[in-house]
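Student: I would like to work through a protein model, one local feature at a time. Could the discussion begin with the backbone and then turn to side-chain pairs and empty space?

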Amino acid sequence: MSEERIRISRDDAFTPRVDEILAREGSFGMRPDQFAAREDDKPKGILGFLYSSVFYTAVAGALGAFAGWAIIEPHFGEQASGSGQDGFFEGVGYMLLWPIIGGLTGTLVGCVEGLVSRNWNRALMGGLIGMGIAAAGSFVLSFLTGILYMVLMVASFLLCRGNPGGVIAFLLMTLSRALAWAPLGLCVGLGPAVYMRSRKLAFNAVVGGLIGAFLGGLLFNPLYEMFKGGGEAWLSRGVGFTLIGMGAGAMIGLVENLAKSAWLHVQAGALSGKQFVIYKNPTVLGSSPKCEIFLFKDEQIEPKHAAIHKYGNRYEIEDLDSPAGTFVNGRKVTRQPLKNGDRIYLGETVLDFSEREQE
């Protein structure tokens, strides 16, 4: 039986597929199994959802606001008698309502990114800074928003004198409460931004918190009307405050995703499924918790392994003299411009680089 000859034309030799194979073969000792197909190793389903910043900041905001409400609820409303010692605690409760709810919301929103990334130092510092900023900011803003709420309520009363219990009056009251409470969402997400000294992250936190608190505030009056008939106004407050915290947290994560210009998506490694938005210039990747992108449980990754620099609208990765090296699309690099879809290999960790198209 004669053997069939394989013929390769000049066009075949210069196809992109050949370049890909050569890159894999000439990747300075990297194993073939590190070059898995993109569609096979992308995080899917529940893992990708759990690692979404919209999800975990929403949960953090909801838990923080709920904890704050649970602490303060016994000291005001129908839970207190309004006289004597109970009256005193009710007054104190109203004064501390937003500082406590805002402070605990700021604590959990501030530490959740560090917790998800297993960076305990960042979680601790982000939580502490977030608690201080949110508690102090909420305390100051509560007086200003209280005045705004009174003005808006008077305006609503004057506009609806003929029908104070009508639909228009209810809508105006709901809008008034949402507008008055929206500024209280300004400071709940600032902890990580201050810790990382990122103006862009601070902007995302302020805009997201403002929008989220407003949307949560819109639901407060409908919930109150729903539960008050059965004497369950305390429940409406609990659900309402929780939704405000959830809204603020979710919108902070959503604005972050909408405003990001470049990010890394971990495809393999201890944090598979996690997305890191690139905020700082440079952004350092390494096994040290002090790095902007902390990659742990990988013995081949140095404390400061590589850095991503931004030059105008262009991004470039630099290897920081690591013994194991930094690879982009299978090639060992010292400095390498990055383009959308590039795959970066640091030890056993694989990350995909993505950037938003410039208009």
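Tutor: The model is a predicted one. Aspartate 321 is a suitable starting point, in the loop between strand 6 (314–319) and strand 7 (326–328).

Student: What is the phi of aspartate 321, and is the residue buried or exposed?

Tutor: Most residues other than glycine have a negative phi. Aspartate 321 has a positive phi, near 55 degrees. Exposed means over 50% relative accessible area, so aspartate 321 is exposed, at 73%.

Student: Which loop holds asparagine 329, and what is its relative accessible area?

Tutor: Asparagine 329 also has a positive phi, of about 55 degrees, although it is not a glycine. The residue lies in the loop between strand 7 and strand 8 (331–333). Partly exposed is the class between 20% and 50%, so asparagine 329 falls in it with a relative accessible area of 30%.

Student: Which residues does the cis peptide bond join?

Tutor: Most peptide bonds are trans. Here omega is about 0 degrees at a bond that involves proline 282, a residue in the loop between strand 2 and strand 3. The cis bond joins asparagine 281 and proline 282.

Student: Turning to charged side chains, how many salt bridges are there?

Tutor: Side chains of opposite charge can pair when their charged atoms come close. The cut-off applied is a side-chain nitrogen of Lys or Arg within 4 Å of a carboxyl oxygen of Asp or Glu. By this rule the number of salt bridges is 7.

Student: Which residue pairs with lysine 274 in a salt bridge?

Tutor: The closest N and O atoms of this pair are 2.9 Å apart. Lysine 274 is in the loop between strand 1 (262–268) and strand 2 (275–277), while its partner is in helix 6 (residues 84–116), 161 residues apart. Lysine 274 is buried, with a relative accessible area of 1%, whereas the partner counts as partly exposed at 23%. That partner is glutamate 113.

Student: Is glutamate 292, which pairs with lysine 280, buried or exposed?

Tutor: The two side chains meet at 3.7 Å, N to O. Glutamate 292 is in the loop between strand 3 (283–286) and strand 4 (293–294), and lysine 280 is in the loop between strand 2 and strand 3, 12 residues apart. Lysine 280 is partly exposed at 31%. Buried means under 20%, so glutamate 292, at 15%, is buried.

Student: What is the N to O distance between aspartate 342 and lysine 339?

Tutor: Aspartate 342 counts as buried at 3% relative accessibility, whereas lysine 339 is exposed at 51%. Their side chains meet in a salt bridge, with an N to O distance of 3.1 Å.

Student: Which residues are joined into one network by salt bridges that share partners?

Tutor: The network is built from salt bridges with shared partners. Its members are Arg314, Glu316, Glu318 and Arg335.

Student: What is the volume of the second largest pocket?

Tutor: The second largest pocket is lined by 30 residues, and Tyr56, Glu113, Leu201, Glu256 and Tyr279 lie nearest its centre. The lining divides into 14 nonpolar, 10 polar and 6 charged residues. Among the elements that each supply at least two residues are helix 5 (53–72), helix 6 and strand 2. The volume is about 430 Å³.

Student: Which helix gives the largest share of the nonpolar patch?

Tutor: The patch consists of Met95, Leu96, Phe139, Val140, Phe143 and Leu144, with about 550 Å² of accessible area together. Helix 6 and helix 7 are the elements that give two or more residues to it. The largest share, 4 residues, comes from helix 7.

Student: How many charged residues line the largest cavity?

Tutor: The largest cavity holds about 90 Å³ of space. Its lining has 13 residues, with Trp98, Leu184, Val188, Ile244 and Gly245 nearest the centre. Helix 6 and helix 12 are the elements that give two or more residues to this lining. By class there are 9 nonpolar and 4 polar residues, and the charged residues number none.

Student: What is the volume of the second largest cavity?

Tutor: Val266, Gly269, Ala270, Leu271, Leu295, Phe296 and Thr349 line the second largest cavity. By class the lining has 5 nonpolar, 2 polar and no charged residues. The volume is about 40 Å³.

Technical notes:
Residues numbered from 1 in each chain as written. Predicted model: local features only at pLDDT ≥ 70, side-chain atom pairs only at ≥ 80, totals over all residues. Heavy atoms only, no water. Buried < 20%, exposed > 50% of the residue type's maximum accessible area, 1.4 Å probe, protein only. 1 Å grid on protein atoms, 1.4 Å probe; cavity = no way out; pocket = protein on both sides within 12 Å on 5 of 7 lines; lining within 4 Å. Points joined across faces, edges and corners; volume = space filled by probe spheres on them. Nonpolar A, V, L, I, M, F, W, Y, C, P; charged D, E, K, R; others polar. Patch = residues over 30% accessible without salt bridge, like charges linked within 9 Å, V, L, I, M, F, W, Y side chains within 5 Å. Areas by Shrake-Rupley, 256 points an atom, 1.4 Å probe, with all protein chains shown as cover.
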